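Let's practise reading a structure together, one exercise at a time. Keep the sequence and the 3D view open while you work.

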Amino acid sequence: MSDFETVAASELHTATRGPAGEPDAPGQPHTMESKPRSATADAWRELRRKPLFWAATLVALVAVVMAAFPSLFTSADPESCALSRRLAGPSAVAIFGYDVQGCDVFAQAVYGTKNSLLIGVFAALLAGLIALLFGVTAGYFGRWWDAIVSRVIDIVLGLPLLLAGIVFMQRVTNAGGGPTIRIIALIFILGLLGWTTAARVMRSSVITAKQQDYVQAARMLGASPGRIMARHILPNAIAPFIVIITMALGSFIAAEATLSFLGVGLVPPSQSWGVEISEARLYMREDFVPLAVPATFLALTVLAFIILGDTIREAFDPKLR
Amino acid sequence: MFRYLVRRLLQMILVFVATTFIVYALMYWTSVDPVQALAGERPVNPTQKAQLITEYGLDQPFIVRYWNYLTGLLQGNFGKSLTGRSINEIIAESLPVTAQLAVIAILTTIVVGVTAGIIAAIRRGGIFDNSTLVFTLIIIGIPVVVLAPVAQLLFTIKLPWFPTTAKEGSLYSYLLPGIILGALSVATAMRLTRASFTENMRSDYVRTARSKGLPKRRIVGVHILRNSLIPIVTFLGVELGALMAGAIVTEGVFNVNGVGFQLSRALRTEDAPLVVGLVSVLVIIFLVANLIVDLLYAVLDPRIRYE
């Protein structure tokens, strides 16, 4: 995930900055040369004028609101299903019609957002936390601790995420885990397997930052390792980390859908996009709308987070300006 | 070179032992009795049960069993699945199928991804460049669980160009699952090629070559391409592991009898020895691919020396 260095939309959009471009709006003082801007402010200026960034933010926000308040988007109950409505076409009540069980396709997809997003967000937080802890300490202390962490990363990388996820989740199934346990298990599995890339990035940026003069100065002034790491190294190494975690969030949502699709992630009656796709696939010859709706929701959400990460990375990368 | 190779091999052995140990422990640390799983719902005859337990070594402590498994592996013996079939036989049957899919996928990645990346880099900012960038972004965002069923729906049912499910031995029917498997890495490969090509196009040696009056084809095909290949080769090596995992979904959707298909079936039927065997093979492939990639660096770039 981390490897694709893209030179995407930045050139695309700098050209579109016409006379109507908003950076120097009337009434706003022209601060460009008067004060040196920080890297974050610079990146924010860059980000602000990209339509792609705003589109991705919008989709991500809609997904979050949908997860928190699904009833805002649909008044139908996703669990009220009637076989008499089997595969009924779109109507004013159900805009995408009904699936093979007679459940509202749109309502199911809306209510599926919660589990998919919940797992993605918490798995990304967990992965980020582990990556931060191991990456920063390995980079800062080096020596034997670095050697151990690097070997652990090698081992975890040796287990493909999906493969290990299937084996782990099969164990949870055997142990008879209920819906809540499955969600927690998915969060832990994805988090515990998905932290390696971020940790590597963190480690190398800490190693670079460690050599800087201001870190040496802080050390000579007697700052403790904890303070140096938190106050001096971390703020300067955090940008690539945020990018990777944002993208990991997208790929975790995709991984949850894949595991559910294979029947080892969430299982019905739990709702998630993966579950819906896997059920709708069985009768897609008859009616493909029940497959297309959750598939679109899933693809849009994953895309939004990946684009978000991509545009933030471009904004932070001065080489691409 | 030799020292580097030894160090890498030692590292590989560590990773291999640790990953197989994790999978082995997971498969046997389970509430389900493997003998009962084999018999299904039927009650098991105690004599039979005792015989099976000794046959599969289930009465020995865990570490001993793992040790026996490892030594068996070193002799090229993956053991026996719970159905009594030799795992070597199952692997020999399903691995070539997955390998065919993987070859189609990698070829798709190289032919489409790398070529498109090069064209995009040469014509930077043009229509081709911008449209492929948007297109690849969309492809990266679509998970294989969406791509595989939707492609099956579009290209086998709505437009019957390809068979819906793969037939044994028919390379044509493997084409669509293979392309889908490769589609995800096409996007990444294209962006990677474009980025590294663009960077190298600005370098001094390209300017020198150009001012010497070399034809453009030679500059692009020999000078830039070779120098841009390193990140692409790295990506392809790492991607092989992801490909094997992605094969589980693609093979399931298109009913291809490959490693992924066998693996999901073995998981459903609780066939622990078969799961461990198949995962071991996949991990070995992944590790060897990464080793080859590391060694290829020196071939591609003679400036890289291993100490």
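Below are five exercises on this predicted model, each with a worked solution.

**Exercise 1. Find out how confident the predictor is about chain A, and which stretch calls for care.**

Step 1: Start with the average. Chain A has a mean pLDDT of 77, and 85% of the residues score at least 70.

Step 2: Look for the weak part. In chain A, the pLDDT is below 50 over residues 1–31.

Step 3: Check what that stretch touches. Beyond near neighbours in sequence, residues 1–31 of chain A have 39 contacts in the model.

**Exercise 2. Describe the overall build of chain B.**

Step 1: Count the elements. Chain B has twelve helices and zero strands, so its pattern along the sequence reads α-α-α-α-α-α-α-α-α-α-α-α.

Step 2: Take the dimensions. The C-alpha trace of chain B spans about 85 × 55 × 30 Å along its principal axes.

Step 3: Ask how much is hidden. Chain B has 307 residues, and 39% of them count as buried.

Step 4: See how far apart the partners are in sequence. Among contacts in chain B with a separation of 6 or more, 73% join residues 24 or more positions apart.

**Exercise 3. Work out whether helix α3 of chain A has its expected length, and which residues of α3(A) are buried or exposed.**

Step 1: Compute the span. Helix α3(A), residues 51–68, has 18 residues, and at 1.5 Å a residue it should span 26 Å. The rule multiplies 1.5 Å by one less than the number of residues.

Step 2: Compare. The end C-alpha atoms of α3(A) are 26 Å apart, which agrees.

Step 3: List the buried residues. They are A:Leu52, A:Phe53, A:Ala56, A:Ala60, A:Ala63, A:Met66 and A:Ala67. Seen down the axis of α3(A), they fall within an arc of 170° or less, namely 165°, so they line one face of the helix.

Step 4: Turn the helix round. The face of α3(A) turned away from the buried side carries the exposed residues A:Pro51, A:Leu58, A:Leu61 and A:Ala68.**Exercise 4. Do the same for helix α6 of chain B, then find what covers its buried residues.**

Step 1: Check the length. The 15 residues of α6(B), residues 127–141, should span 21 Å at 1.5 Å a residue; the end C-alpha atoms are 22 Å apart, which agrees.

Step 2: Pick out the buried residues. In α6(B) these are B:Asp129, B:Thr132, B:Leu133, B:Thr136, B:Ile140 and B:Gly141. They fall within an arc of 170° seen down the axis of α6(B), so they line one face of the helix.

Step 3: Look at the other side. There, B:Ile127 and B:Ser131 of α6(B) are exposed.

Step 4: Name the cover. It includes α12 of chain A, along with α5 (87–122) and α8 (171–201) of chain B.

**Exercise 5. Describe the contact between the chains and the largest nonpolar core.**

Step 1: Count both sides. Chain A gives 43 residues to the contact and chain B gives 50 residues. The largest share of the side of chain A that touches chain B comes from α6(A), with nine residues.

Step 2: Sort by class. That side of chain A has 29 nonpolar, six polar and eight charged residues.

Step 3: Move to the core. The largest nonpolar core holds 168 residues, of which A:Ala198 and B:Val275 touch the most other members. The helix α10(A) gives the most to this core, with 18 residues.

Step 4: Zoom in on one member. Leaving out residues up to four places away in sequence, B:Val275 touches A:Val167, B:Met27, B:Leu263, B:Ala266 and B:Leu267.

Note on methods. Residues are numbered from 1 along each chain as its sequence is written. Chains are lettered from A and ligands numbered from 1 in the order in which they are written. This is a predicted model: local features need pLDDT of at least 70, side-chain atom pairs count only at pLDDT 80 or more; totals for chains, interfaces and linings use all residues. Two residues are in contact if their C-beta atoms, placed from the backbone, lie within 7 Å. Helices (H or I, at least four residues) and strands (E, at least two) are DSSP runs, numbered from the N terminus. Ala, Val, Leu, Ile, Met, Phe, Trp, Tyr, Cys and Pro count as nonpolar, Asp, Glu, Lys and Arg as charged, and the others, Gly among them, as polar. A nonpolar core is a set of buried Ala, Val, Leu, Ile, Met, Phe, Trp, Tyr and Cys residues joined through C-beta atoms within 7 Å. A residue is buried if 20 or more other C-beta atoms lie within 10 Å of its own, exposed if 12 or fewer, and partly exposed in between; C-beta atoms are placed from the backbone. pLDDT is the predictor's confidence in each residue, from 0 to 100. The arc is that of the directions from the helix axis to the C-beta atoms.
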